Amino acid sequence: MAGALTHRDFRLIWFAALGSTIGTWMQKFAQSWLVLELTDSNFYLGLDDFVSQLPILLFMLIGGVIADRADRRRLLTVSQCIQAFSAFALAALVFWNQITIWHVLTLSFISGVGQAFGGPAYQSLLPSLVPRRDLPNAIALNSTQFNLSRILGPMGGTAVLVSLGMAACFFLNGISFFLVIVALMFIKVEPPTPHAGARPHIFTDLKQGLSYVRHHRLMVTLMALVLVSTFLAMPIQTFLPTFARTVLADAGGTPETRLSILMACQGLGAVTGALLIGALSGRFQHMGRMLLAVQFLMGIVIAAFGWSTTPLVSYVLIFLGGISFMALFSMSFSIVQLAVPEALRGRVVAIYMVALRGGGPIGALVSGHFADIYSAPTVMIFNGLLLSLLTAAFVASGKGSSLKTM
């Protein structure tokens with residue numbers, strides 16, 4: 001289950017990324033409350049998610065090309081510095097009580113720019129840190145640290161918010177990015193091989209990556225499934241503060257505590273899902289069919305969560321939702337990483353990440369608009385049922401034949 005952690009360089013990056021991502025989720029926890037305090041609007045919660053992910057749509061494909069050309073360690077270091085700047089600026093504005101919603105949105109965009117270029121570099125770096133046989137395990141463990149931080153981040157965020165204030169959450173997140181920078185200084189990765197002759201134009205390289213995906217039915221299928229899943233499922237993350245403050249108001253305790261429990265349950269579920277896939281290590285029989293089954297069940301769970309007004313039931317359902325989404329991500333990303341050639345890895349990973357991270361903010365923006373008209377629970381019931389229906393229709397149409405043979 002932890003085979004990839006036996007490799008020194010992966011172990012260094014894993015622990016550094018865990019510390020940094022705990023800081024990121026601490027900031028996300030505090031920032032959700034900040035946006036609600038400033039606007040009292042579900043739409044602005046969705047807009048903040050959209051703006052933070054917009055650079056993924058605009059720049060990540062270019063970031064993938066650069067990840068195939070440049071030293072991935074240096075590119076990732078610059079990315080961490082950009083995100084640290086954004087966190088420190090937010091901390092200062094909150095500390096001196098100069099913050100407005102437009103400051104939050106602007107700094108979310110700047111942080112997203114750093115992620116757009118750092119994301120492909122980080123994901124493309126992983127195969128250089130472990131042998132091929134341990135790559136699926138490394139992907140699952142990487143997902144585990146990301147989602148373990150979803151438990152620890154909100155818990156730490158609650159404690160810091162209550163004891164030190166909101167600005168401290170943002171400041172500590174800024175400090176956390178330097179953990180990755182230090183780890184990158186100690187790993188041993190071969191620099192990229194110099195290109196023989198004149199290097200093609202950056203858009204020529206980008207076109208080559210897009211062409212590879214377009215002409216491989218398996219890749220097209222995976223991208224489409226991930227895009228639909230995140231568009232319909234990820235708004236549940238955006239609406240958690242609303243559920244904590246209104247839907248579960250009878251649960252007792254403060255809204256901050258209820259939000260922390262919801263985020264912790266979701267994160268614990270995601271860790272469980274990643275560990276289950278990691279325990280299976282490499283590709284296992286019928287991975288594609290299992291992926292489709294998980295997506296169908298995820299829709300049912302999301303709809304049930306939107307319907308529930310009982311705290312314990314809601315906590316169990318968000319836990320199951322975390323398991324299903326992380327299993328879906330781990331299986332799909334493992335298939336992508338195992339199938340793509342090394343020379344195209346950065347570009348194809350970037351295309352996958354655009355589908356993964358692009359669907360969520362657009363879905364949050366659309367769902368946030370309708371949640372202000374109807375309600376957040378109504379929107380999530382609709383999204384969940386639609387996801388299950390689309391998955392069933394996709395299977396019945398036979399278009400997922402390339403995936404079902406995996």
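**Exercise 1. Helix 15: length and cover**

Task: Which span should the 22 residues of helix 15 have at 1.5 Å a residue, and how far apart are its end C-alpha atoms?

Solution.
- Step 1. Locate the helix in this predicted model. Helix 15 covers residues 376–397.
- Step 2. Work out the expected span. It is 1.5 Å times one less than the number of residues, so helix 15 should span 32 Å.
- Step 3. Compare with the model. The end C-alpha atoms of helix 15 are 31 Å apart, which agrees.
- Step 4. Look at the cover. The buried residues of helix 15 include Ala376, Val379, Met380, Asn383, Gly384 and Leu387. Ser388, Thr391 and Phe394 are also among them.
- Step 5. Recall the helix geometry. An α-helix has 3.6 residues a turn, so residues three or four places apart point the same way.

**Exercise 2. Helix 14: the same check**

Task: How far does helix 14 reach from its first C-alpha to its last, and how many of its residues are buried?

Solution.
- Step 1. Helix 14 takes in residues 345–373, which makes 29 residues.
- Step 2. At 1.5 Å a residue, 42 Å is expected. The reach in the model is 43 Å, close to that value.
- Step 3. Of the 29 residues, 21 are buried, so helix 14 is mostly covered.

**Exercise 3. The whole protein**

Task: How many helices and strands does the protein have, and what share of its residues is buried?

Solution.
- Step 1. Count the elements. There are 16 helices and zero strands.
- Step 2. Check burial. Of the 406 residues, 58% are buried.
- Step 3. Check the surface. The protein exposes about 16600 Å², and carbon and sulfur atoms supply 70% of that area.
- Step 4. Check the reach of contacts. Take contacts between residues at least 6 apart in sequence: 87% of them join residues at least 24 apart.

**Exercise 4. The largest nonpolar core**

Task: Which residues of the largest nonpolar core touch the most other members?

Solution.
- Step 1. The core holds 114 residues. Phe10, Leu262, Val348 and Tyr352 touch the most other members.
- Step 2. Ask which element contributes. Helix 1 gives the most to this core, with 15 residues.
- Step 3. Take Leu262 as a case. Beyond residues up to four places away in sequence, Leu262 touches Leu240, Phe243, Ala244, Leu248, Phe305, Tyr315 and Ile318.

**Exercise 5. Three residues of helix 1**

Task: Are Leu18, Met26 and Gln31 buried or exposed, and what do they touch?

Solution.
- Step 1. Start with Leu18, in helix 1. Its relative accessibility is 13%, so Leu18 counts as buried.
- Step 2. Find its partners. Leaving out residues up to four places away, Leu18 touches Gln145, Leu148 and Ser149. Leu18 and Ser149 are 131 residues apart in sequence, yet their C-alpha atoms are 6.4 Å apart.
- Step 3. Go on to Met26, also in helix 1. At 8% relative accessibility, Met26 is buried.
- Step 4. With the same sequence limit, Met26 touches Gly153, Gly156, Gly157, Val160, Cys169 and Leu172. The C-alpha atoms of Met26 and Ser149 are separated by 8.7 Å, with their positions 123 residues apart along the chain.
- Step 5. Finish with Gln31. This residue lies in helix 1, residues 8–39. Its relative accessible area is 8%, so Gln31 is buried.
- Step 6. Gln31 has a side-chain polar contact of 2.9 Å with Asp48. Beyond its neighbours within four places, Gln31 is in contact with Asp48, Leu90, Val104, Ser108 and Phe170.

**Exercise 6. The salt bridges**

Task: How many salt bridges are there, and which parts of the chain do Lys28 and Asp49 link?

Solution.
- Step 1. Recall the principle. Side chains of opposite charge can pair when their charged atoms come close.
- Step 2. The cut-off is 4 Å from nitrogen to carboxyl oxygen. The count comes to three.
- Step 3. Arg8 pairs with Asp9, with the closest N and O atoms 2.6 Å apart. Arg8 is partly exposed at 37%, whereas Asp9 is buried at 12%.
- Step 4. Lys28 meets Asp49 at 3.2 Å, N to O. This pair links distant parts of the chain: Lys28 sits in helix 1 and Asp49 in helix 2, 21 residues apart. Lys28 is partly exposed at 25%; Asp49 is buried at 14%.
- Step 5. Asp40 pairs with Arg245 at 2.7 Å between the closest N and O atoms. Asp40 is in the loop between helix 1 and helix 2, and Arg245 is in helix 10, 205 residues apart. Asp40 is exposed at 54%, while Arg245 is partly exposed at 34%.

Technical notes. Residues numbered from 1 in each chain as written. Predicted model: local features only at pLDDT ≥ 70, side-chain atom pairs only at ≥ 80, totals over all residues. Heavy atoms only, no water. Helix = DSSP H or I, 4+ residues; strand = E, 2+ residues; numbered from the N terminus. Buried < 20%, exposed > 50% of the residue type's maximum accessible area, 1.4 Å probe, protein only. Polar contact = N/O pair within 3.5 Å; in protein donor to acceptor, adjacent residues only side chain to side chain. Contact = heavy atoms within 4.5 Å. Core = buried A, V, L, I, M, F, W, Y, C linked by side-chain atoms within 4.5 Å. Salt bridge = Lys/Arg side-chain N within 4 Å of Asp/Glu carboxyl O. Areas by Shrake-Rupley, 256 points an atom, 1.4 Å probe, with all protein chains shown as cover.
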